[in-house]
Amino acid sequence: MPKLDMSEIRSLVQSRQPGRPLEAPFYLSREILELDLEVIFGRHWIFVGVEPDVPEPGDYASVQIGRNPVVIVRDDDMQVRAFHNVCRHRGARLVTEPQGTVGKLVCPYHQWTYELDGSLIHAEHMAPDFDMSCHGLKKVHVRSLAGLLFVCLADEPPADFDEMARALEPYVAPHGIADARVAARVDLVEEGNWKLTMENNRECYHCATNHPELTISLFEYGYGFAPESGDESRCEAMAQYARTEAEFETAWEAHGLAWQERDELHGRPTAFRAQRLPLDRAGESQTLDGRAACRKLMGSLKRAKLGGLSVWTQPNSWVHLMSDHVVTFSVLPLSPERTLLRTTWLVHQDAVEGVDYDPDNLTEVWRRTNEQDGALVGLAHSGVQSKAYEPGPYSPYTEGLVEKFVAWYIERLGAHLDASGR
Amino acid sequence: MPKLDMSEIRSLVQSRQPGRPLEAPFYLSREILELDLEVIFGRHWIFVGVEPDVPEPGDYASVQIGRNPVVIVRDDDMQVRAFHNVCRHRGARLVTEPQGTVGKLVCPYHQWTYELDGSLIHAEHMAPDFDMSCHGLKKVHVRSLAGLLFVCLADEPPADFDEMARALEPYVAPHGIADARVAARVDLVEEGNWKLTMENNRECYHCATNHPELTISLFEYGYGFAPESGDESRCEAMAQYARTEAEFETAWEAHGLAWQERDELHGRPTAFRAQRLPLDRAGESQTLDGRAACRKLMGSLKRAKLGGLSVWTQPNSWVHLMSDHVVTFSVLPLSPERTLLRTTWLVHQDAVEGVDYDPDNLTEVWRRTNEQDGALVGLAHSGVQSKAYEPGPYSPYTEGLVEKFVAWYIERLGAHLDASGR
Amino acid sequence: MPKLDMSEIRSLVQSRQPGRPLEAPFYLSREILELDLEVIFGRHWIFVGVEPDVPEPGDYASVQIGRNPVVIVRDDDMQVRAFHNVCRHRGARLVTEPQGTVGKLVCPYHQWTYELDGSLIHAEHMAPDFDMSCHGLKKVHVRSLAGLLFVCLADEPPADFDEMARALEPYVAPHGIADARVAARVDLVEEGNWKLTMENNRECYHCATNHPELTISLFEYGYGFAPESGDESRCEAMAQYARTEAEFETAWEAHGLAWQERDELHGRPTAFRAQRLPLDRAGESQTLDGRAACRKLMGSLKRAKLGGLSVWTQPNSWVHLMSDHVVTFSVLPLSPERTLLRTTWLVHQDAVEGVDYDPDNLTEVWRRTNEQDGALVGLAHSGVQSKAYEPGPYSPYTEGLVEKFVAWYIERLGAHLDASGR
């Protein structure tokens, strides 16, 4: 892939055709990946984990955003903080494990020691005029949305996080994420650009054929279809789906759950969407039989059969919240052609493994679905490299959210290029 | 290796010294590899396989040329076709296995479905105004030369393929490739530039010491030698070789086989060479004892002891055709420093493994020879990176075909740079 | 990491802040690594091994400096020579093993054959006018400093090697390296820039916590400390150390050993430092109990308890010489983020493995210490990639040699940029 200069990138951004995937350089170019890291992952709110990653004081979780190692830590006042995971002496990474528990943050190199609030409290052998107060850890903005953790690497993060939080909390809060426990976590490296991973998530056009486990509980009609494409049996299935939807809506209302589709996927830096959807079979959970995988229900929920709440945030997350468990997904670019997908399964903090839930049953649907999606992302990435690749049309019925993701991405790059005068 | 711009490349092309290998950047530079992919592999006829790769309707074989995945398929009318292996929807690779059999070409992502002639016949959920006839698979030019398959990625392929076909068919056709069966296939990745792989193939100066298995049946005198270098025993051997050659020529004539050296290795885009040569020992095949490895002879041949026909095409193939089997070699660049060598062994379609031939015996000489050559290519690649590397003189007696390969390569790059005004 | 042009590099060189590590691009940029290879490793004396690597005529050792394979060979007159390990024909690497013994240097590709003095004596099949005398191996400058081997790839190496040799020989010679035997060698690849490997070596601030094996015999006070930082027990330890130092100095004087600190670490291309230091416990060797690991003493030494002599050369070595064995360290960049550390253990040539020394005991301290240092270098490299990285202050007491290494490096780059007018 030849190098691109900024004017070529600007021209690609400006000439993007709505209703179609991006031109190949957006998926392949190292320069555009650098811009993605700078603009998208460097100046937006990035979903990186959940409060139960750091349940107790001194608990930490580390995450790598582009070239930036970040440590999230619960301080002694139970506040969640985030720092650049980089010693102020010679730059060594401070914590090296994905997760752990510490009293202080001590650099393994020369034992410079930081409080959990980031202040430097010990550095041996330094000159008499060395000022420890100028050498605290550099802070990273971090916010919790009902237990979902977002960080922003920019000095001045987008101001509209609060709007998103206000809008989404009524949906998310009843699922009690902040008081949940991490039951499982899987890191999967997909062999494709991070935007192909996101696009893959934003539609279920590919689900029926590729996701036999997921579609046990998922109604494909919930994700759009061509109105004229139904034969008789499909028309009947759609009518049945409409009745099911009505039943679930009654239940959601009865339990005081926010359920109306809320779509703010463009026109703003911190873009999001929430929607409550019925589930098939037992209607309780995304499992192989549609039944709850965990006997203890989440948060304040009182009923197992509540379908699922899906939350999407731009640029890099989706979350499925059921009555019995929550699954979160965080997407982080590793290179133009490699992407990390981190999946976390949450259950009620009192749920006991082997008693209240079987972790294999809890995780099987999304472990398999992720692997299937990873393979599809790999096929897409290998194909967009071809000189024969040209962006084909999206389905207006089933790929609307893909279009919204791509449109938001282009909008954000364009805003940055305009603002920076590049 | 510092980046090269086009004027530096042009200057390197213009200053190439005849009779010597290329300057180091031709083997190392990513920019020149990109040019090789664009000009050499993008605009010439590339040898990719044989008709027996796709013997029946619906059989396909996939090949990757640079960043371009290509699928070769036998359609229902027994015609061999080639397409860019890229879905017209979102660019996913359509077929993912090296080989297989299908009824239609169905994209695994969203099940867009194409006929074996490439036309799109099914795409669900699309808008009412979506025109399937505009979204067929993009075609790749493909030609069969007596069963040897060549593709060209350019819109307008070199017109001189037919001349090559007319010239070579009398040599190749009697070996019955189109009606043969693939007995074995090995993909070997060599740690060197593709041109080093080709140069290695174009001489047998290195054979005596490096290829103990190959030189059992190969006469080194068939590949050139310094006239003055013979001592007495060598003179005798050469005289003996001349007598052997004469015997074989008589047999070739008696069996109506074209055998005269035909050399068209430069001055044309589609360059080639053919030569029939005696074999040592039993004289039948490139095996560990010189005897035929397969009891069923190829095509219309009636005699085992026919030596070997060698065919070379530029830029990327050589083929050895014996009475009992054929071995084809296709060279494809993976990066400046990695090259794929695909070797295919063909036997008569009625030959039964374990009865008519032992696959180990059939393949041993070239499996070992390829590995030996791969190691030499690795040594050459690691040495040309040195600041001490300067192209030394070729032997005028044993490295004439190396010179012809390199001269053709420079000629083709130069023609392109002139034509494109770069 | 965005590409840097030469003016950006010049500006980075000029704006380096004394007393602090380098800015991130010095550790990360491919362009600066290229400059390091050209200027630092291409124009300075590089420590690559020891005379006992090639004890007998025909013995060779190969080493790779950047992209340049070099072979060091002992010729028939016992002289050590070095050549570019590249055939003058088509550039193949001549010797492929790390070490071995040959009669002549024969290219494995086409058997071009060179004498041990580099002259070409055989090349088959060449044209009548081919002049062998113009195709000898290209020489590399090589010098032995009391058995320590340095090479320089430049045509005109720095002239001050002799000064270094005169200064260091009185220290090094009594340890008899030239007559020693290689007892063990380990190549370790560290996941960090070569300068981070060097900086790690140039201080022992990190030793107490990270090197439990090394600090058994090493006095941390020998490597600097903050004067005001001592509590009572430390003051006592320091007083004890001063007495120990005095005892060792008496012994060194009694045995006629040069021991005074000699520091020429800047202001010259060929920079170096030597210092004799006490060892703790038995005081004999860097082992797990401080006792000699080998019963036969090195060179002309008559006493085991002599502490250790440390020699540092810029850019790429350190050597620890004890009474019973010597350990040498050679640092070679592989890429901006990968570095080869080659460690060699020497014992008296008559020492018998299993009788006079146990190789595990001999090598354990530095095998473990190297692995610990490699991990620290990896942490440093991963952290300097962060946007949060900014060079923190060095300790004036414990990181003085780090500063001297970095200052020398910047001085050498600056001198080159000035001289070349870039």
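1. Let me start with the polar side of the A–C interface. In this predicted model, 19 residue pairs are in polar contact between chain A and chain C, counting pairs with both residues at pLDDT 80 or more. On the side of chain A that touches chain C, the residues divide into 13 nonpolar, nine polar and eight charged.

2. Salt bridges are worth a look next. There are four salt bridges between chain A and chain C. For one to bring up in your viewer, try Arg90(A) with Glu399(C): their side chains meet in a salt bridge, with an N to O distance of 2.8 Å.

3. Now the extent of the contact. Chain A contributes 30 residues and chain C contributes 38 residues. Between them the two chains bury about 2800 Å², and 53% of that lies on carbon and sulfur atoms. On the chain A side, the residues that lose the most area to chain C are Arg90(A), Tyr109(A) and His125(A), together 30% of what that side buries. Arg90(A) thus appears twice in this note, as a salt-bridge partner of Glu399(C) and among the residues of chain A that lose the most area to chain C.

4. Finally, how are the two copies related? A turn of 120° and a shift of 0.0 Å along the axis lay chain A on chain C with an RMSD of 0.1 Å. That is the relation of a three-fold axis. The copies use different surfaces in the contact, since 3% of the contact residues of chain A recur in chain C. If you want a landmark for the rotation axis, Lys3(A) comes closest to it of the residues of chain A, at 6.3 Å by C-alpha.

Technical notes:
Residues numbered from 1 in each chain as written. Chains lettered and ligands numbered in written order. Predicted model: local features only at pLDDT ≥ 70, side-chain atom pairs only at ≥ 80, totals over all residues. Heavy atoms only, no water. Contact = heavy atoms within 4.5 Å. Buried area = accessible area lost by both parts, 1.4 Å probe. Polar contact = N/O pair within 3.5 Å; in protein donor to acceptor, adjacent residues only side chain to side chain. Nonpolar A, V, L, I, M, F, W, Y, C, P; charged D, E, K, R; others polar. Least-squares fit on C-alpha atoms with pLDDT ≥ 70 in both.
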